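Hi everyone, thanks for coming. I'd like to walk you through one structure today, so please have the viewer open and follow along with me.

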Amino acid sequence: MSSTGSASSKRISLASGDEKTGLGNYFIANYPPFSFWKPDFIPEVVAALNKTSRPNTPLGLYVHIPFCRKRCKFCYFRVYTDKNAREIEEYLEHLLREVALYVGQPAVRGRPLNFVYFGGGTPSYLSARQLRDFIGELRRLMPWDHVKEATFECEPGTLQKPKLETLRELGITRLSLGVENFNDAILEENGRAHRSAEIFRAYEWAKELAFPQINIDLIAGMVGETWDNWRECVRQTLRLQPDSVTIYQMELPYNTEFSKAVRSGQALPLQLADWPTKRAWVDYAFRELLAAGYEISSGYTVVRDKNQVQFLYRDALWHGADLLGTGVASFGHIQGVHFQNHTEWDTYLQSLRSNQLPFYRAYRCEPLELCVREFVLQLKTGQVDLGYFRAKFHEDLGARFGEELAWLREMDYADLDDQRLTLTRAGLLQVDRLLPIFFLPHHRTNRYV
Ligand code: SF4
């Protein structure tokens, strides 16, 4: 793709013009970029927690379970593969202590919890007994009477039917299965712990137990992926008919095993697809799924029926909800302030032992930054209602981003009328590559993390 050629496109340049899959982050998870969040700003999050909350702001809880059976070679999350049962119990005790500290804060006290997300890591790494004890206590500390959605991420090989029964009984409404690929050789090559037989087994159990929503995660462009295999992955997905399918495009952030190999000059054992190929794979999957009756719900997700299948966690966060991010290295947001927890095991536990919330860094957003943040995040759905931003932030984004929006239209990445910006398929398939053009000038940097 070229980013030059016409009058309005002269000023626009994409951060990466290179279409090879190089080292670095592609996925935009938040705004302003994490590199602007600092330990010096922690008093801002403490102050935000000390103020009573704005009315009608939904409240969510994210719980990070950082344990995995094995480290995937493309993984950049804070995960541990070597913790014993005693250390896991210790971690869960400290997580509960963290939640208890939040419950006493003026910004949280008395507020109903609207959604919960167990992410990782591998939440399903925990045993049925650990889950029962931990989630039971969590629900005692923060009741789920108003929780409309409780998502739980699973690695298929860690699931047994009694564990799934426990999750269903505990109130999990949305099960997200980290399938990633259906080919055992590719799963092995990329360091995944599970195999395809475990996917099919776990999926059948989840269906039998009638979880309200089952999502399947896939990754387009795992090392060793081919067109033939990708078609087969899509065929298998269609055969299972999950309520939603989420497809990420493989990236190479700096601290993964694959990236370390590339940096030390070793060639990857198998080919890694370039970005146009990954986009073509996602496009193919979207087309097949749409033909089977699914609908696009974001640049990554299709759902069987938009009226029935919601993703409250995503939509609430992308519309400015508060999120208590708990667990080591977790990210949260409270009353306009971003924060991240300590990223090291010992430091995280030590803060909680001292009855301190374990903040590592924070960033207080200005009103315009909050507006741009929601715009950038909502653009990932492929549709943005500009009237929403006029009403909520008193910002005319059509005028503020006139040049950028004209460029998107010239490149056939978007259509625009007075009210609505709609990304074309070409725009949606590379939405994370386009989003930085909307960053405020002082946030345009190559360092995202
Ligand atoms: S299962 Fe997920 S969190 Fe665990 S190592 Fe693999 S990618 Fe990372």
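**A walk through the model**

Let's start at I28, which sits in the segment before α1. One thing to keep in mind throughout is that this is a predicted model. So, is I28 buried, exposed or partly exposed? I28 has 19 other C-beta atoms within 10 Å, and being buried takes 20 or more, so I28 counts as partly exposed.

Now look at what I28 meets. Leaving aside neighbours within four places in sequence, I28 is in contact with V376, D432 and L435. Take D432 in particular: I28 and D432 are 404 residues apart along the chain, yet their C-alpha atoms are separated by 5.7 Å.

Stay in that segment before α1 for a moment, because P32 is found there too. P32 is joined to Y31 by a cis peptide bond, with omega about -10°.

Let's zoom out to the whole chain. The protein chain has 17 helices and 15 strands. Its C-alpha atoms fill a box of roughly 60 × 50 × 50 Å along the principal axes. What radius of gyration would a compact globule of 449 residues have? It would be near 22 Å, and the protein chain has 21 Å, so the two agree. Of those 449 residues, 45% count as buried. And if you take the contacts with a separation of 6 or more, 76% of them are between residues 24 or more positions apart.

Next, the domains. The domain assignment gives domain 1, made of 1-32 + 371-449, and domain 2, which is 36-316. I28 therefore falls within the first stretch of domain 1, and D432 within its second stretch. The C-alpha centres of the two domains lie 26 Å apart. How many residues of each domain are in contact with the other? On the domain 1 side there are 19 residues, in contact with 22 residues of domain 2. The largest share of that domain 1 side comes from helix α16, residues 425-429, which gives three residues. By class, the side of domain 1 that touches domain 2 has seven nonpolar, eight polar and four charged residues.

That brings us to the inside. In soluble globular proteins, nonpolar side chains tend to be buried together. Here, the largest nonpolar core has 115 residues, and those with the most contacts inside it are V45, L177, L218, A220 and F375. Where does this core lie relative to domain 1 and domain 2? Both domains give residues to the core, so it lies between them.

Pick V45 from that list. Beyond neighbours within four places in sequence, V45 is in contact with I334, V337, F339, F359 and A362. Then move along to A48, which is in helix α1, residues 42-49. A48 is buried, because it has 22 other C-beta atoms within 10 Å. Its contacts, again leaving aside neighbours within four places, are A107, I334, Q335, G336 and V337. You'll recognise I334 and V337 from the contacts of V45. For a sense of distance, A48 and K207 are 159 residues apart along the chain, and their C-alpha atoms are separated by 42 Å.

On to the ligand. The residues around the ligand are C68, R71, C72, C75, F77, V79, G120, G121, T122, E155 and G178. How does this shell divide by class? It has five nonpolar, four polar and two charged residues. Two members of the shell, G120 and G121, deserve a second look, since the peptide bond from G120 to G121 is cis, with omega near 15°. G121 lies in the loop between β2 (115-120) and α3 (128-141).

If you like backbone angles, here are two more places to click. N56, in the loop between α1 and β1 (59-65), has phi near 65°, a positive value in a residue other than glycine. N56 is exposed, with 5 other C-beta atoms within 10 Å. H394 also has a positive phi, about 55°, although it is not a glycine. H394 is found in the loop between α13 (386-393) and α14 (397-400), and is exposed, with 9 other C-beta atoms within 10 Å.

That's my tour. Thanks for listening, and I'm happy to go back to any of these views.

Definitions and conventions
Residues numbered from 1 in each chain as written. Predicted model: local features only at pLDDT ≥ 70, side-chain atom pairs only at ≥ 80, totals over all residues. Near = placed C-beta within 6 Å. Nonpolar A, V, L, I, M, F, W, Y, C, P; charged D, E, K, R; others polar. Domains from an automatic or database assignment. Contact = placed C-beta atoms within 7 Å. Helix = DSSP H or I, 4+ residues; strand = E, 2+ residues; numbered from the N terminus. Core = buried A, V, L, I, M, F, W, Y, C linked by C-beta atoms within 7 Å. Buried ≥ 20, exposed ≤ 12 C-beta atoms within 10 Å, placed from the backbone. Rg over C-alpha atoms; globule rule 2.2 N^0.38 Å.
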